[in-house]
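Q: Please take a close look at a single part of this structure, and then set it against the rest of the chain. I would like one connected account that I can follow with the model open beside me.

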Amino acid sequence: MKKNAIGIKLIFGVISLFFMIFLAMPIVRLLLRSFMDTNGAYTLSVYQSVFAGRKFGQALRNSFEIAALSAAAATLIAFVLAYTCYYTNLPAKGKSIIRIAAMFPMFMPTITYGFAIIYSFGNNGLLTKCFHHKLPFDLYGIWGLLIGYSVYTIPVAFLLISNTMQYIDKKAMVVSKVMGDKSYATFWIAIIRPLLGTLCGAFIQAFFLSFTDFGIPASVGGRFEVVASVLYRQMLGGIPNFGKGAAVAMIMLLPSIVSICLLQFLEKYNIRYKKISGAELTQNRLRDVIWSGLSVLFLVLMLSIFAVIFVAPLVTDWPNKVSFSMEHVIAVFTDDSLLQIYINTLEMAVLTAIIGTFTAYGAALVTARSHMPKWCKGIIEGIALVTNTIPGMVLGVAYMFVFSGTSLQNTMWILLICNVIHYFSSPYLMMKNSLSKLNESWETTAGLMGDSWIKTIVRIVTPNVRESLWSVFDYYFTNACVTVSAIIFLVGSRTMVLTTKIKQLQYINKFNEVFVLSLLIFFTNLIAKALFAVLAKYKLSKRAKGMHKKEELCFAEN
């Protein structure tokens, strides 16, 4: 048994050391740098100068305001979509379409959202021309950010809400009706109350994503300053100020700390059922029509924003000359430098997915499939909680201070490490949940039969969580393809990827190339997702056939 414990202890040690070097050390270094003036002396003057500036105070207020509005809108829309999937009698195909459409924005980099909004609703936008009507408000500023942030955070909020909603006991609705409760009371007792913690959690996650995103304000922020754009300007502007940049980055961590505290507090509002019944929904055509209609309306409005991305690159010159042309697509695919950038993106995404999957799986084995002390498991849980709430921009800035001048600077490795840590939380939780559902005695039984712990994990545990492993791989791959805020400070000329190239093309107004590259990211993610889904199902069906054959052999022998 001691030999078996060596493997899990080694995994815990490697993961702890990895996060100590590439998470704790950079954040501590960033904190110290934020108190350091130009002479290297520690002082509060840096923070005083940051808060003394009116523009920063206004940017901070703007960030809180727009993030709260966007999070509220995204949570409401996500709830409507999830409710339609789980509490209406819409046909299964319709529900599948809603689930797929709700995930669509995840396949696009956020920096593209702003350009899509401009090309859709601007004076010469696709939707403006189709309906011959201009929007009554300015897209540059709060309205553009509100639209962009809401669309960006809907998928995350939908995943959180729908994941909880499928575990709500529907029999509570029947009991409430039998007790004579009115419709609104039943709605509160049987649906909203069990979801209260998740709804608040979805709002917090959407708020945090909006507060820390850089891609959308980079394109439609206009004069409406937010903290993310202030940080970018301080670090990579005409006259960089690293001291102020470090201070702004640390201030951006404040919502992270508040988020951690709130998420921990909200845990007590999550209702857990001992048994989930499969009570059927009552037939209610009016309910189905209203909720389905709202879902279709929200999805059409959301997806219509991206329609222009599929149109503009395929015409000669939007909106002046709209004849069909493959000129822009051919220009991109015949440009050797852009092809190399695409190869860099694929390399980064695949390697991030491989390293990230091993890291998340190893961490989940420590907490879900080992007898390690509670403090060891607490360290892993703490890492997951922290990485879930650290903004990508803050991580990128911290890496700049720690790894500049080292052998990691301007290499693909620094991008991989940054992505693995930035997106660690969700894959870890996915693996932990899957491993927790398996029989707890497998390792013990295998050990008594003489199998080593490693052999048991490889031959018994891993095949039973293969689908989750592919999901984790897909999650890392997709996010590595679309990320910009985490790596904008770390890429070099040799490690340029598609999202940072899009940011570069923005400055020279090459929007057709921006859309072509965005489509390249979109279809890459779409193909990858389909491939991973097929691989997961193939392995599952293969294992199921193997189990069926074993059962047949056992039956024949008996």
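A: The account below begins with how far the model can be trusted, turns to one pocket and the helices around it, and ends with some individual residues.

This is a predicted model, in which local features need pLDDT of at least 70 and side-chain atom pairs count only at pLDDT 80 or more, while totals for chains, interfaces and linings use all residues. Residues are numbered from 1 along each chain as its sequence is written, and side-chain values use heavy atoms, with hydrogens and water left out.

The mean pLDDT (the predictor's confidence in each residue, from 0 to 100) of the chain is 82, with 87% of the residues at 70 or more. Confidence is highest in helix H19 (residues 412-422), at a mean of 94, and lowest in helix H21 (residues 442-448), at 64. Over residues 546-558 pLDDT stays under 50, and the model has zero contacts there beyond four places in sequence, a contact being heavy atoms within 4.5 Å. Where pLDDT is low, the predicted coordinates should not be read in detail.

The chain holds 25 helices and two strands, which are DSSP runs numbered from the N terminus (helices H or I, at least four residues; strands E, at least two). Of its 558 residues, 53% count as buried, where buried means under 20% relative accessible area, exposed over 50% and partly exposed in between, with a 1.4 Å probe and protein chains only. Among the contacts with a separation of 6 or more, 80% are between residues 24 or more positions apart.

The part chosen here is the second largest pocket, with about 600 Å³ of space. A pocket is an open set of points on a 1 Å grid over the protein atoms alone, where a 1.4 Å probe fits, with protein on both sides within 12 Å along at least five of seven lines; lining residues have an atom within 4 Å of a point. The volume is the space filled by probe spheres set on those points, which are joined across faces, edges and corners.

Twenty-two residues line the second largest pocket, and those nearest its centre are Thr 357, Phe 358, Thr 359, Tyr 361 and Gly 362. Two or more lining residues come from each of helix H1 (2-34), helix H16 (336-368), helix H22 (453-464) and H23, with H16 giving the largest share, nine residues. By class the lining has 17 nonpolar, four polar and one charged residues, where Ala, Val, Leu, Ile, Met, Phe, Trp, Tyr, Cys and Pro count as nonpolar, Asp, Glu, Lys and Arg as charged, and the others, Gly among them, as polar.

Helix H16 also contains Thr 367, which counts as buried because its relative accessibility is 11%. Beyond its neighbours within four places in sequence, Thr 367 is in contact with Lys 377, Ile 380, Glu 381, Tyr 428 and Lys 432.

Helix H23 (residues 466-482), another contributor to the lining, has 17 residues and spans 25 Å from its first C-alpha to its last, close to the 24 Å expected at 1.5 Å a residue; the expected span is 1.5 Å times one less than the number of residues. Twelve of the 17 residues of H23 are buried, so the rest of the structure largely encloses this helix. Among them are Leu 469, Val 472, Phe 473, Tyr 476 and Phe 477, as well as Ser 468 and Asp 474.

H19 is likewise largely enclosed by the rest of the structure, because ten of its eleven residues are buried, including Met 412, Cys 418, Asn 419 and His 422. In the loop between helix H18 (392-403) and H19 lies Asn 410, which is partly exposed, with a relative accessible area of 33%. Most residues other than glycine have a negative phi, yet Asn 410, though not a glycine, has a positive phi of about 60 degrees.

Elsewhere, Phe 242 lies in helix H12 (residues 242-252) and counts as partly exposed because its relative accessibility is 36%. Its contacts, leaving aside neighbours within four places in sequence, are Arg 33, Gln 234, Met 235, Met 400 and Phe 401. Phe 242 and Phe 401 are 159 residues apart in sequence, with their C-alpha atoms 8.8 Å apart in space.
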